[in-house]
Amino acid sequence: QVQLVESGGGKVQAGGSLRLSCAASGSYVNIIAMGWYRQAPGKQRDMVARITSRGSTNYVDTVKGRFTISRDNAQSTVFLQMNSLKPEDTAVYYCNAKYHPPFDRPHESWGQGTQVTVSS
């Protein structure tokens, strides 16, 4: 089981920046991909950005050019740099990891979520 611990959320004015971090720990052979999802009140949880073990990234169209996902060399921590934030970016942001546990099929873990609030 992989545990994910997020940090970096908070309140910021429109146009500001925040940086989210997510650290993975636990028992796994390798992490296939890590990503960030967000869920606004009354809406479904949607992917924001994702990075694979090979470094491939993809973003939802609404954040392209503003958000950047990256990871550390050990590939156990993922970051989301969020610039030019807009009120519509307000949501709870969740870290997600897909990984291979020892001797088992791929699993998926979620972080506890961190609130991002952007005021106009």
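I'll start with the largest pocket, which has a volume of about 180 Å³. This is a predicted model, so please keep that in mind throughout.

The lining of that pocket is made up of Arg38, Gln39, Ala40, Lys43, Gln44, Asp46, Met47, Val48, Val60, Glu88, Thr90 and Ala91. Two elements, E4 and E5, give two or more residues each to this lining. E5 has the largest share, with three residues.

Now the enclosed space. How many cavities of 30 Å³ or more does the count come to? The count comes to one. The volume of the largest cavity is about 60 Å³. Around the largest cavity sit Ile31, Ile32, Ala33, Met34, Ile51, Thr52, Ser53, Arg71 and Gln75. At least two lining residues come from strand E4, residues 30-39, and at least two from strand E5, residues 46-52. Which element gives the most to the lining of the largest cavity? That is E4, with four residues.

One of the pocket residues, Arg38, takes us to the charged pairs. The whole structure has four salt bridges. I'll go through three of them.

In one, aspartate 89 pairs with arginine 38, and the closest N and O atoms are 3.0 Å apart. This pair links distant parts of the chain: aspartate 89 is in the loop between strand E8 (77-82) and strand E9 (91-100), arginine 38 is in strand E4, and the two are 51 residues apart. Are these partners buried or exposed? Aspartate 89 counts as buried because its relative accessibility is 1%. Arginine 38 counts as buried too, because its value is 14%. The cut-off for buried is under 20%.

Another salt bridge joins the side chains of lysine 98 and glutamate 108, at 3.0 Å from N to O. Here again the pair links distant parts of the chain, with lysine 98 in strand E9, glutamate 108 in strand E10 (residues 107-110), and their positions 10 residues apart. Lysine 98 has 24% relative accessibility, so it counts as partly exposed. Glutamate 108 has a relative accessible area of 42% and is therefore partly exposed. As for shared partners, salt bridges join Arg38, Arg66 and Asp89 into one network.

The other pair on my list is lysine 64 with aspartate 61, whose side chains meet in a salt bridge at 3.0 Å, N to O. Both lysine 64 and aspartate 61 are exposed.

Back to the network, and to its member Arg66. Where is arginine 66 placed? Arginine 66 is in the loop between E6 and strand E7 (67-71). Why does arginine 66 count as buried? Because its relative accessibility is 10%. The side chain of arginine 66 reaches two backbone oxygens: that of threonine 62 at 2.9 Å, and that of serine 84 at 2.9 Å. Setting aside neighbours within four places in sequence, arginine 66 is in contact with Gln81, Met82, Asn83, Ser84, Leu85, Lys86 and Asp89.

Next, a buried acid that has no salt bridge: glutamate 6. Glutamate 6 is in strand E1, residues 2-7. What is the nearest side chain of opposite charge to glutamate 6? It is arginine 45, 7.6 Å away. A salt bridge requires the nitrogen to be within 4 Å of a carboxyl oxygen, so that pair does not qualify.

What does the side chain of glutamate 6 reach, then? It reaches the backbone nitrogen of glycine 113, at 2.5 Å. The backbone nitrogen of glutamine 112 also lies 3.2 Å from a polar atom of the glutamate 6 side chain. Leaving out residues up to four places away in sequence, glutamate 6 touches Ser21, Cys22, Trp36, Tyr93, Tyr94, Cys95, Gly111, Gln112, Gly113 and Thr114.

Last residue: arginine 54. Arginine 54 is found in the loop between E5 and strand E6 (57-59). Arginine 54 counts as exposed because its relative accessibility is 80%. Between the C-alpha atoms of arginine 54 and glutamine 75 the separation is 9.9 Å, and these residues are 21 apart along the chain. Gln75 is also one of the residues lining the largest cavity.

How values were computed
Residues numbered from 1 in each chain as written. Predicted model: local features only at pLDDT ≥ 70, side-chain atom pairs only at ≥ 80, totals over all residues. Heavy atoms only, no water. Buried < 20%, exposed > 50% of the residue type's maximum accessible area, 1.4 Å probe, protein only. Lys, Arg positive; Asp, Glu negative; His and termini not counted. Polar contact = N/O pair within 3.5 Å; in protein donor to acceptor, adjacent residues only side chain to side chain. Contact = heavy atoms within 4.5 Å. 1 Å grid on protein atoms, 1.4 Å probe; cavity = no way out; pocket = protein on both sides within 12 Å on 5 of 7 lines; lining within 4 Å. Points joined across faces, edges and corners; volume = space filled by probe spheres on them.
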